[in-house]
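User: I have a structure open and would like to go through it with you. Can we start with how the chains meet?

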Amino acid sequence: MSDQTHMPAGHDLAPGDEEQHSVGERVLGYVVGLGLALILTATSFFIAGTDLVWQPSIPVALIVLAIAQMGVHLVFFLHITTGPDNTNNVLALAFGLLVVFLVVGGTVWIMSHLNQNMPPMDDFIRMHS
Amino acid sequence: MSMTATAGRAHADPHHIGLVIEHPGPAPKRTVTAYGFWVFLLSDIVMFSCFFAAYAVLVNQTADGPKGSEIFEQRNVAIETVCLLLSSFTCGMASIAADVRNRFWFYLGMAVTCVLGLIFLAIEFREFADLVSRGYGPSRSAFLSAFFSLVGCHGLHVSAGVLWLLTMMAQVFAKGFRADVLRRMMCFALFWHALDIIWVGVFSVVYLLGGGA
Amino acid sequence: MQAVPTLEALMLGKLDWSAIPFDQPIPLIAGGVVLVAILAVLIWVVVKGHLPYLWHEWITSVDHKRIGVMYILLASVMLLRGGSDAIMMRIQQAIAYQSQGYLPPEHYNQIFSAHGTIMIFFVAMPFVIGLMNLVVPLQLGVRDVAFPTLNSVGFWLTATGALLVNLSLVIGEFARTGWLAFPPLSELSYSPGVGVDYYAWSLQISGVGTLVAGINLVTTVLKLRTKGMNYLRMPMFCWTTLASNLLIVAAFPILTATLAMLLLDRYLGFHFFTNEAGGNVMMFMNLIWAWGHPEVYILVLPAFGIFSEVVSTFSGKALFGYRSMVLATMAICVISFMVWLHHFFTMGAGPDVNAIFGIASMIIAVPTGVKIYNWLFTMYGGRIRFATPMLWAVGFMVTFIIGGLTGVLVAVPPADFMLHNSMFLVAHFHNVIIGGVLFGAFAGFEYWFPKAFGFRLDERWGKLAFWFTFTGFWITFVPLYAAGMLGMTRRLQHYNVAEWRPWMIVAAIGMAVLSIGVICQIMQLVVSIRNREALRDRTGDPWDGRSLEWATSSPPPVFNFAFHPDVRGEDAYWDMKIAAQQQSLEHDVPEYQDIEMPRNSPTGFVCAFFATIMGFALIWHIWWMVILGGIGAFATFVVFAWRDHDEYVIPAAEVAAIDRVNLEERRSLVSMAGAI
């Protein structure tokens, strides 16, 4: 194993590593990322507190904005791309996201059914009092 | 091993599916280290997902205690978010500085990152202390338990990150930009950026979605 | 803030003399015997002057082979502990008909909890992780795992967990809640003692160790492969290792989070799983099984890999349906995350949810079935040698199919409503875990032992061990199926139903036969070590193997391979052997080069020392010690990060000298084979 900062052709890129760019280009990448992230964040905070949009759309909008911002972070800060030198990194990410989706989605789904069929003690008492 | 080089090319493509790209051999250390850390981060995100799931399940179990909308202060959260976003940017600057071995910009970037992280922690600590003093501690209701653990778990990660950050600065000071120090710096940057991603989930799901309801 | 705590409470937390169970002779005597044994071994080591050897060659070693061996040693010792628990339970249930038996309920409950915890976390896990550690870098043709020092940390943290569980035998108590510590029973109001804390903290600490091992092996398989080792040329064991460790990385954080919630409930009065203030007990079942089901595949997938290697080697054929095997492995890896609800069908999720998870549970049997057929077709038409590893493999197929079929049975929700928490279920999961994981671990142990130590194991004792274990297993667990069908529930300390009794007596007899199998296994080791010169493996290829671990000497040199092998197809080493025979032998002298290897490091051991302190202090609420342990662990890593030389060089001349000996032995073997 050698201690090179940048690897010879044929290997996957390390997660977080960018392809060869000048310092200026790299800084620019972070600036763009920061700008986009700030805009998306501001939009999220604005939408959550406003009466200007149709209220039921707010949760959906917030989730969409959150996912978009996570994407911005992944691309501009963590430098995850769709290039062939990033395949392994993206596959690991995809597996992680699949598990996150299964755990969160599964838990919410299962627990909502459980709560319906066998309400927690507090709800039960409230329903019968 | 003299026998190794003798196997025939016929075995290269036993199923005759066409071109076989030969694997080039073990990857360089930088890729290996960063990939291992990447896998760790994904596992950490799975851990967070459990706290998110628990929060989603327990969010309405307030046990006649306060609801999210009654205790969240959007202004504080906005300041916290801006702190973290800026710190992600300065952390990126520090890692560029490390790559071009510029000590001044490295220290500056890391120091600003550290200060922003500490401001974030201070605001979060004040929020927690304030809630506890009002009697809305984590043992008040299941909702507050889930809230405190999810947000607190992120806070703990940030604290660990600050400790790591200071250790990194000390190490660069003592050892310079050695290959192993640069690898650690790279992992640190991944860690710090990943915390930001988690925070995006936290402020969207906990503060904005939970605050509106 | 009520009263100011006394100095004693500050210094010792909840710890006092009542923690030592003077009134319970069984754990006290057992603990005393173990303590004397440990002391005797320690004194022997010190007096004989083995301590420096042990420290430099093993405790601080970062060599994946040494760490693998230590994992397996830990697993074997813990197997004896967990096995003793099993024997005690079988005896208790055989005699506790209309009587209290010889174990009081609170002790019996600790035993079944400890049995499950130890067998899963400290036997099955370290055994398979040990085998993966030992073999995978060799099969991939590389010199070490991705993170050698972290590997050592992982092992020692696992050992810490095991130590804490066993400490509970003499200081305090263990959980009485079953191996998954379901709330509300495991909450503070129902389990105020330290038992659940012992359970949770030892699992948290060893869980970190397991996660580290998982990250390490995933990275090793994906990033460290020798030249030409494309994904579809990896031995099947590497594929199952990849799948299993991906599951570790994805599932163990769920366990960590769930136990953290339970601990927050217990230590800081949170309300995740309590009955009050909106806590939800069901969420614990949901989360813990979201880890728990992938966990069983974490254990059994490496075993599938071992059987693939063993069946192919001892049938003298390439593995049948290699690609379908890879697909089946990865399919199991993903589907295992979609079935966890079948562990709590009866808890009221309703028909929609139950139906979907029931179907998913049946679907996961399909890739498993694919694997069984592949092994059978590998054997078909092969020249089969029934060496001990192959016996375990064949025994596995029979056992696992039956265990798997009873699994498909309880995957049907209505059937599960009848069988849930019955002895039938106990029989089912022992059927798959013993028949799958333990048989696999034994097969791998017999198969790779010569590689690790340079001599084969005695075949006669090995076969005896197999037959006793195999028969003993069936005599023990078929009665449990029957008792389950008669309505016997699990975890009964005593019972009053006459029909169950004969089955319990037969099961106890089976346990005796099973124990003879374990004794044979120990005898096999003793006899083999005595006859090691006669059993010596000089060629490094005692079984006529097919993958790269057999291409180096037994035991392999610290650098594994003088050159990274160049792989051109599946069954890399087999191809090399064929090619070497066809082209007679090249006698060119290769150009040896210096090899850099990672230096030994006490980081793992020291870190585990502080983790032990921290774990113990957390269990007993000794807060100053917790802080001390935390600072110590952090300091250990800083010291490690500060070191200046992390590698040492083995000069080319030394590499050449070591490699030539091996090449000579091998040449004589190949030319002999060529002559036939």
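**Chains in contact**

Analyst: Between chain C and chain B there are 11 residue pairs in polar contact, with both residues at pLDDT 80 or more. The model is a predicted one.

User: Which helices of chain C give two or more residues to the side that touches chain B?

Analyst: They are helix H7 (195-223), helix H8 (236-268), helix H9 (281-315), helix H18 (572-582), helix H20 (623-642) and helix H21 (652-675) of chain C. H8(C) gives the most to that side, with 10 residues.

User: And what classes of residue are on that side of chain C?

Analyst: The side of chain C that touches chain B has 38 nonpolar, 13 polar and 17 charged residues.

User: How many residues of chain C and chain B are in contact?

Analyst: The contact involves 68 residues of chain C and 57 residues of chain B. The two chains bury about 5100 Å² between them, and 67% of that is on carbon and sulfur atoms. C:Lys223, C:Arg568 and C:Trp642 supply 15% of the area that chain C buries against chain B, more than any other three residues.

User: Why talk about area at all?

Analyst: The accessible area lost when the parts come together is often used to give the size of an interface.

User: OK, salt bridges. How many are found across the interface of chain C and chain B?

Analyst: The rule finds three salt bridges there. One of them pairs C:Asp644 with B:Lys175, with the closest N and O atoms 2.9 Å apart.

User: Where do B:Lys175 and C:Asp644 sit?

Analyst: The pair crosses between chains. B:Lys175 is in helix H5 (residues 142-175) of chain B, and C:Asp644 is in the loop between H20 and strand E2 (647-650) of chain C.

User: How many salt bridges over all chains?

Analyst: The count is 15.

User: Now chain A and chain B. How many residues does each one put into the contact?

Analyst: Chain A gives 53 residues and chain B gives 49 residues. The area buried between chain A and chain B is about 4500 Å², with carbon and sulfur atoms giving 77% of it.

User: How many salt bridges does the rule find across that interface of chain A and chain B?

Analyst: It finds one salt bridge. The side chains of A:Arg26 and B:Asp99 meet at 3.0 Å, N to O. Across the interface of chain A and chain B there are also three residue pairs in polar contact, again with both at pLDDT 80 or more.

User: Which helices of chain A supply at least two residues of the side that touches chain B?

Analyst: Helix H1 (23-49), helix H2 (57-77), helix H3 (87-117) and helix H4 (121-127) of chain A each do so. By class, that side of chain A has 33 nonpolar, 14 polar and six charged residues.

User: What about domains inside chain A?

Analyst: The domain assignment gives domain 1 (14-80) and domain 2 (82-129). Six residues from domain 1 of chain A and five residues from domain 2 of chain A take part in the contact between them. These two domains of chain A bury about 410 Å² between them, 58% of it on carbon and sulfur atoms.

User: How many salt bridges and polar contacts are found between those domains?

Analyst: Across the interface of domain 1 and domain 2 of chain A the rule finds zero salt bridges. It also finds zero residue pairs in polar contact there, counting pairs with both at pLDDT 80 or more.

User: Switching topic: where does UniProt place the feature "transmembrane region" in chain A?

Analyst: The unreviewed UniProt entry places it at residues 27-48, 60-78 and 90-111 of chain A. In the model, residues 27-48 of chain A are 100% helix, and the end C-alpha atoms lie 32 Å apart. Residues 90-111 of chain A are also 100% helix, with the end C-alpha atoms 31 Å apart.

User: And where in chain B?

Analyst: An unreviewed UniProt entry gives residues 35-57, 77-97, 104-123, 143-166 and 187-210 of chain B. Residues 35-57 of chain B are 100% helix, and their end C-alpha atoms are 33 Å apart. For residues 77-97 of chain B, the span is 100% helix and the end C-alpha atoms are 30 Å apart.

User: Last thing, the backbone of chain C. Which peptide bonds are cis?

Analyst: Among them are the bond from C:Pro183 to C:Pro184, with omega near 5 degrees, and the bond joining C:Ser554 and C:Pro555, with omega about -15 degrees. C:Pro184 is in the loop between helix H6 (148-167) and H7 of chain C. C:Pro555 is in the loop between helix H17 (500-530) and H18 of chain C. Most peptide bonds are trans.

How values were computed
Residues are numbered from 1 along each chain as its sequence is written. Chains are lettered from A and ligands numbered from 1 in the order in which they are written. This is a predicted model: local features need pLDDT of at least 70, side-chain atom pairs count only at pLDDT 80 or more; totals for chains, interfaces and linings use all residues. Side-chain values use heavy atoms; hydrogens and water are left out. Contact means heavy atoms within 4.5 Å. Buried area is the accessible area (1.4 Å probe) that two parts lose on being put together, summed over both. A salt bridge is a side-chain nitrogen of Lys or Arg within 4 Å of a carboxyl oxygen of Asp or Glu. A polar contact is a pair of N or O atoms within 3.5 Å; within protein, one must be able to donate a hydrogen and the other to accept it, and residues adjacent in sequence count only if both atoms are side-chain atoms. Helices (H or I, at least four residues) and strands (E, at least two) are DSSP runs, numbered from the N terminus. Ala, Val, Leu, Ile, Met, Phe, Trp, Tyr, Cys and Pro count as nonpolar, Asp, Glu, Lys and Arg as charged, and the others, Gly among them, as polar. Domain bounds come from an automatic or database domain assignment. UniProt positions are given in the numbering used here, feature names are shortened, and annotations may be inferred rather than shown by experiment.
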